[in-house]
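Here is a friendly walk through a protein chain, written for someone who would rather be at the bench. Have the structure open as you read.

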Amino acid sequence: MEFDTAFLNTELTTDGIVVRWSDGARSRFHALWLRDNCPTGGDKRKAFRTFSVTELDPDLAVVDAAQNEYGDLEIEFSDGHQSTFDIDWLRDNSPEPADRVRRARQVSYFRAGTPLAQLPLPQPGTAEHCDLLDAVAEWGAAIVDDVPTGEAGTEALAALIGRVRETDFGRLFDIVVEPEMWEFSQTGLALDPHTDDPYRYTPSGTSILHCVEVSTTGGDSILVDGFAVAESLLDDDPAAFDLLAEVSVPFIRHRTESVDQGEDVHLLAHAPIITLDRDREIAGIRFHERSMAPFDIDPAIMGDYYRAYIEFTRRINDPANAIQFKLQPGQAVVYDNQRALHGRTAFGPEGGRRHLRLCTIDRDQFHSRLRRLREDHDRPGVHERLPIGSLS
Ligand SMILES: [Fe+2]
């Protein structure tokens with residue numbers, strides 16, 4: 001949402017100022033906050049600072065505040081320092097909770113039948129490039145057409161989002177049926193919806209599943225909106241929701257041999273299934289039933305925790321919450337791995353070879369690119385508070 005940054009007046013208070021904006025809102029600014037953020041102290045966005053908070057007088061006050069002929073706000077402090085603030089900057093950075101709400105995220109939930117955004121592979125830096133990342137940020141997933149099926153095609157799509165994350169699975173991971181099964185995904189078995197990498201302190205952020213070859217029978221892709229499912233649980237059983245959001249449980253991946261496609265690992269992370277941000281909004285999902293280590297939580301809450309976990313898992317596996325589709329060669333689905341849970345239906349050898357290529361990018365890379373594209377294309381939401389993801 002764009003702010004109307006015209007302001008009517010400022011009022012001195014005991015600890016700073018209150019700015020009254022022409023849209024009726026009021027924003028409080030503490031004297032120490034203003035002095036710390038004075039533009040003469042350098043540019044925090046570029047980490048180029050010549051001012052330290054150690055120079056602040058803890059009892060600093062504002063002694064005068066007035067708008068100058070250019071519309072900027074001029075402030076005089078009790079230590080004699082004078083600052084000039086750009087009004088747009090003040091409104092954009094205001095710590096007032098109401099202003100933070102106005103920078104709230106734009107998230108739309110999906111469930112069975114919701115059409116996903118679908119667009120051709122865009123050229124870097126174009127409005128269509130911004131459309132793709134906007135769609136993934138809002139809906140949690142989007143389908144991209146016309147992605148050349150070679151590895152260069154996967155890399156080209158990934159480069160639109162950020163740097164590829166290299167893990168013990170490698171840079172690109174081919175999901176095909178292997179006679180010597182080493183990874184569960186290398187079978188024709190159905191996979192229940194899950195997030196990848198729950199056993200890492202920082203799971204993958206954005207994932208790409210790129211279809212190279214398709215099975216004519218089965219092997220459909222499934223996506224479930226973990227945010228929507230979590231919110232449905234919050235509505236129906238807040239106590240169960242709180243347990244999943246507040247209790248950390250262990251996720252594990254332990255493999256003692258290394259093979260061509262993956263190294264030996266012993267990864268273990270404790271985290272809640274649902275991560276909330278500081279405003280208690282749902283910000284990340286970490287969920288993979290096969291990766292749960294034996295719960296090492298307080299036995300006194302074990303029964304209640306299990307009941308909440310069972311209910312959440314049932315909802316995740318409920319077809320009413322799932323989008324099901326079959327990717328064709330040259331199509332890819334781009335999804336938020338810490339929100340949109342992915343799975344697949346079973347398939348057999350009779351339908352031909354099925355080959356998907358997986359590649360992941362860190363969450364901060366995706367959000368960084370999204371903000372830069374929004375800036376370049378003058379889109380609203382540059383200051384949107386994006387979901388922080390699943391934290392431990
Ligand atoms: Fe997976």
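The briefing below starts with the whole chain and then turns to selected helices and strands.

Please keep in mind that this is a predicted model. The chain has nine helices and 22 strands, and the points below pick out a few of them.

**The chain as a whole**
- The C-alpha trace spans about 80 × 55 × 40 Å along its principal axes.
- Of the 392 residues in the chain, 34% are buried.
- Among contacts with a separation of 6 or more, 73% are between residues 24 or more positions apart.

**Strand E14 and its two partners**
- Strand E14 covers residues 221-225, and five of its five residues are buried, so the strand is largely enclosed by the rest of the structure.
- Ser221, Leu223 and Asp225 point one way from E14, while Ile222 and Val224 point the other way.
- Both of these sets of residues are buried.
- One partner of E14 is strand E19 (residues 322-325), paired in the antiparallel sense over four bridges.
- Another partner is strand E21 (residues 340-344), which runs antiparallel to E14 and is joined to it by five bridges.
- Leu223 is a handy residue to click on: its bridge partner in E19 is Ile323, and in E21 it stands opposite His342.

**Helix H7 and its surroundings**
- Helix H7 (residues 238-246) has Phe241, Leu243 and Leu244 as its buried residues.
- These buried residues cover an arc of only 160 degrees around the axis, which puts them on the same side of H7.
- Pro238, Ala239 and Glu246 are exposed on the other side of H7.
- The cover over the buried residues of H7 includes helix H6 (226-236), strand E17 (274-276) and helix H8.

**How H7 meets H8**
- The axis of H7 and that of helix H8 (residues 302-316) come within 9 Å and cross at roughly 100 degrees.
- The two helices H7 and H8 are therefore roughly perpendicular to each other.
- From H7, the residues in this contact are Ala240, Leu243 and Leu244.
- From H8, they are Asp304, Tyr305, Arg307, Ala308, Glu311 and Phe312.
- Sorted by class, the contact of H7 with H8 has six nonpolar, no polar and three charged residues.
- Leu243 and Leu244 thus appear twice in this briefing, as buried residues of H7 and as residues that meet H8.

**Helix H5 and what covers it**
- In helix H5 (residues 151-159), the buried residues are Thr154, Leu157 and Ala158.
- Seen down the axis of H5, these buried residues fall within an arc of 100 degrees, so they line one face of the helix.
- As background, an α-helix has 3.6 residues a turn, so residues three or four places apart point the same way.
- Among the elements that cover the buried residues of H5 are strands E10 (141-145), E13 (206-213), E20 (332-336) and E22 (355-361).

**A three-stranded open sheet**
- Three strands form an open sheet in the order E6-E7-E8, with antiparallel pairing.
- At the edges stand strand E6 (62-67) and strand E8 (82-85), each with a single partner strand, so one side of each is left without a neighbour in the sheet.
- From one strand to the next, the twist averages 15 degrees.
- E6 and strand E7 (residues 73-77) run antiparallel and are joined by five bridges.
- To find this pairing on screen, look for Ala65, whose bridge partner in E7 is Ile75.

Conventions. Residues are numbered from 1 along each chain as its sequence is written. This is a predicted model: local features need pLDDT of at least 70, side-chain atom pairs count only at pLDDT 80 or more; totals for chains, interfaces and linings use all residues. A residue is buried if 20 or more other C-beta atoms lie within 10 Å of its own, exposed if 12 or fewer, and partly exposed in between; C-beta atoms are placed from the backbone. The arc is that of the directions from the helix axis to the C-beta atoms. Two residues are in contact if their C-beta atoms, placed from the backbone, lie within 7 Å. Axes are lines fitted to C-alpha atoms, for helices over the stretch in contact, and angles run from 0 to 180 degrees between N-to-C directions. Angles under 35 degrees count as roughly parallel, over 145 as roughly antiparallel, 65 to 115 as roughly perpendicular and the rest as oblique. Ala, Val, Leu, Ile, Met, Phe, Trp, Tyr, Cys and Pro count as nonpolar, Asp, Glu, Lys and Arg as charged, and the others, Gly among them, as polar. Two strands pair if DSSP finds at least two bridges between them.
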